[in-house]
Amino acid sequence: METAYLLGIDYGSDSVRSVIVNGQNGEELASSVFYYPRWRDGLYCNPALNQFRQHPLDYIEGLEATIKDCISIAGGADIAKLIKGISIDTTGSTPVAVDATGTPLALLPQFKTNPNAMFVLWKDHTSIKEAAEINAHAEKFDTNYLKYVGGIYSSEWFWAKLLHVLRVDDVVKDAMHSWVEHCDWIPFLLTGGNNATDIKRGRCSAGHKALWAEEFGGLPPDSFFSLLDPLLTGITEKLYTETYTADKAAGNLSAEWAERLGLSTDVVVGTGAFDAHMGAVGGQIEPYFLSKVMGTSTCDILVAPSAEIDGTLVKGICGQVNGSVIPGMAGLEAGQSAFGDTYAWFKSLISWPLNNLLDQSNVIDAATAEALKEELSALIIPELSRQAALLPVDEDNELAIDWFNGRRTPDANQSLKGAINGLNLGSDAPRVFRALAEATCFGAKSIVDRFISEGIPVKGIIGIGGVAKKSPYVMQMMADILGMPIRIHQFTHTCALGAAMFAAVVAGIYPNVEAAMKAMGRGFEESYEPNPQLHAVYQKRYQQYQEFGGYIAQQTALKIQSQLQNA
């Protein structure tokens, strides 16, 4: 095989990472990570309102910086000339308002500080009301337009976010021409697109978040949206009918971006997809194995031959779409809205004195205080994990619910909140952390159980992402709770590797995704085997989790009902 290198670009919630890999064997030549500076500084976000927005400049600056850095690390121009393809994955649903040229409004001077003109990050839940309206509205139609998204539309998704932005910002509404997912916009940017109608929309984002389905011949009809709210009248004409699987090319690298990056215009750019979907490929997913991308949230992917599950619809998940992961197979998506974010919240909570009182201290100077905060902060989760692992697993331990950012699946409900029960004066930090870790693992079990109860077998778990790589404590607990082994993929940036595999296909190096996975897969570094004795105790704990969660959900529903009655 002729030497060829591929670039995989993975946009996460906090940063973008790029890798250059060898197309022959998937070996990493270089990797680079860029943390979004505006996001890091908390700009344009309001966590109290569940508003999380990201500026397109964070994405553009990170794209250029990481690719250039990778090329430099790998060997410069000699390597650059051997790069044949680029593919991109992103978080989702993370859409943005664009003008007729396909330019995000936030890149225009008059909108540069307007959060509604920026990308609405996946975990933005400002559109809970709109999602509820979509769910109620869908019941009025003979055609079930929600059948392929688990029967429940989420505030994390495309249409709810669009309707919310149109309702709250007339200036953005009047300037917007179309509404575009992050994973569709980056390939459009790299290929020099200047007409929004030319944006190639990925099958992954369209099917799982925007109600596109082969059965409907595309998106639901304009009447579905215009009857929901007249603000949506005519929007489907500015969107799309056709979608593209990620093994198809979006085009070639434009002259402008080729010059900026030091690459050739012969480089092929692939159609984009979501991070977990490409990550599942990078993690060498197999039919009926659940690939869990475990980071700030989880996104769980399962693939199955389309013919084998034809007619089976899984309730309460994030959709099932033919070709959304591997062409020729159905891709089924689920996940948890907060996973690593749950641990990060607790870390921030118990770090309050460290973060706020050291700066007021006259004992040490500011630079020393900052260095000490950074050093101690890095030790908190590992030490909590070590101490929590020493605690006995007991039915009467503190119990938590993991809905700190709502519930993604099963049965999306972003109005739900997290909770901790059974606290007493002996409930120290390791015990509460253990309860939170348990809750996230119980959330994972509820997803596995839903697939199985709906007729989709789960043969095993493939773990990828930051938590999977860094937390043996959580992974062993999850194996014990699920009662099944968890294989951890050895590649550090697995989603980016998956993107590189797709790049190899669009560049013509391999005929299909399966061939690219076989040649470029890097294998597994660890397997966590379940402890049968602990699994028996956790089964009883899981029952408590379900009962406690049911109570929380019931009280939330009563509260919302009361608010509606008093409105």
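A pocket, as the word is used here, is an open set of grid points with protein on both sides within 12 Å along at least five of seven lines, and a residue belongs to its lining if an atom of that residue lies within 4 Å of a point. The structure examined with this definition is a predicted model.

The second largest pocket has a volume of about 830 Å³, and 29 residues line this pocket, with Ile128, Ala132, Asn413, Ser415 and Ile560 lying nearest its centre. Two or more lining residues come from each of helix H4 (128-138) and helix H20 (532-566). By class, the lining of the second largest pocket divides into 12 nonpolar, 12 polar and five charged residues.

Enclosed space can be considered next. Rolling a probe the size of a water molecule over the atoms shows where empty space is left. Over the whole structure, the search finds two cavities of 30 Å³ or more. The largest cavity holds about 40 Å³ of space, and its lining consists of Gly92, Ser93, Glu156, Trp157, Lys209, Cys318, Glu333 and Arg408, which by class are two nonpolar, two polar and four charged residues. Among these lining residues, Gly92 and Ser93 are joined by a cis peptide bond with omega of about 5°, and Ser93 is found in the loop between strand E5 (83-90) and strand E6 (95-98). The second largest cavity, with a volume of about 30 Å³, is lined by Gly202, Arg203, Cys204, Tyr244, Thr245, Ala246, Gly272, Ala273, Gly323 and Ser324; this lining divides into four nonpolar, five polar and one charged residue.

Two further details of the backbone deserve a look. A cis peptide bond, with omega of about -5°, joins Thr409 and Pro410, and Pro410 lies in the loop between strand E16 (399-401) and strand E17 (419-421). Leu211 has a positive phi of about 70° although this residue is not a glycine, and its place is the loop between helix H8 (203-209) and helix H9 (222-228).

Turning to the strands, an open sheet of seven strands follows the order E14-E15-E13-E12-E18-E19-E20 and has mixed pairing. Strand E14 (320-322) and strand E20 (524-528) stand at the edges, and because each has a single partner strand, one side of each is left without a neighbour in the sheet. With direction ignored, neighbouring strands of this sheet are turned by 25° against each other on average. At the E14 edge, three bridges join E14 to strand E15 (residues 329-336), and these two strands run antiparallel; Asn322 stands opposite Ala330 in E15.

The last element of the picture is a helix contact. Two packed helices are described by the angle between their axes and the distance between the axes. The axes of helix H11 (residues 275-282) and helix H18 (residues 494-506) come within 7 Å and cross at roughly 80°. Since angles of 65 to 115 degrees count as roughly perpendicular, this crossing makes H11 roughly perpendicular to H18. On the H11 side the contact is made by Asp275, Met278, Gly279, Val281 and Gly282, while H18 contributes Thr494, Cys495, Leu497, Gly498, Ala499, Met501 and Phe502. Taken by class, the residues of the contact of H11 with H18 are seven nonpolar, four polar and one charged.

Conventions. Residues are numbered from 1 along each chain as its sequence is written. This is a predicted model: local features need pLDDT of at least 70, side-chain atom pairs count only at pLDDT 80 or more; totals for chains, interfaces and linings use all residues. Side-chain values use heavy atoms; hydrogens and water are left out. Axes are lines fitted to C-alpha atoms, for helices over the stretch in contact, and angles run from 0 to 180 degrees between N-to-C directions. Helices (H or I, at least four residues) and strands (E, at least two) are DSSP runs, numbered from the N terminus. Angles under 35 degrees count as roughly parallel, over 145 as roughly antiparallel, 65 to 115 as roughly perpendicular and the rest as oblique. Contact means heavy atoms within 4.5 Å. Ala, Val, Leu, Ile, Met, Phe, Trp, Tyr, Cys and Pro count as nonpolar, Asp, Glu, Lys and Arg as charged, and the others, Gly among them, as polar. Two strands pair if DSSP finds at least two bridges between them. On a 1 Å grid over the protein atoms alone, a cavity is a set of points where a 1.4 Å probe fits but cannot get out, and a pocket is an open set with protein on both sides within 12 Å along at least five of seven lines; lining residues have an atom within 4 Å of a point. Grid points are joined across faces, edges and corners, and a volume is the space filled by probe spheres set on the points.
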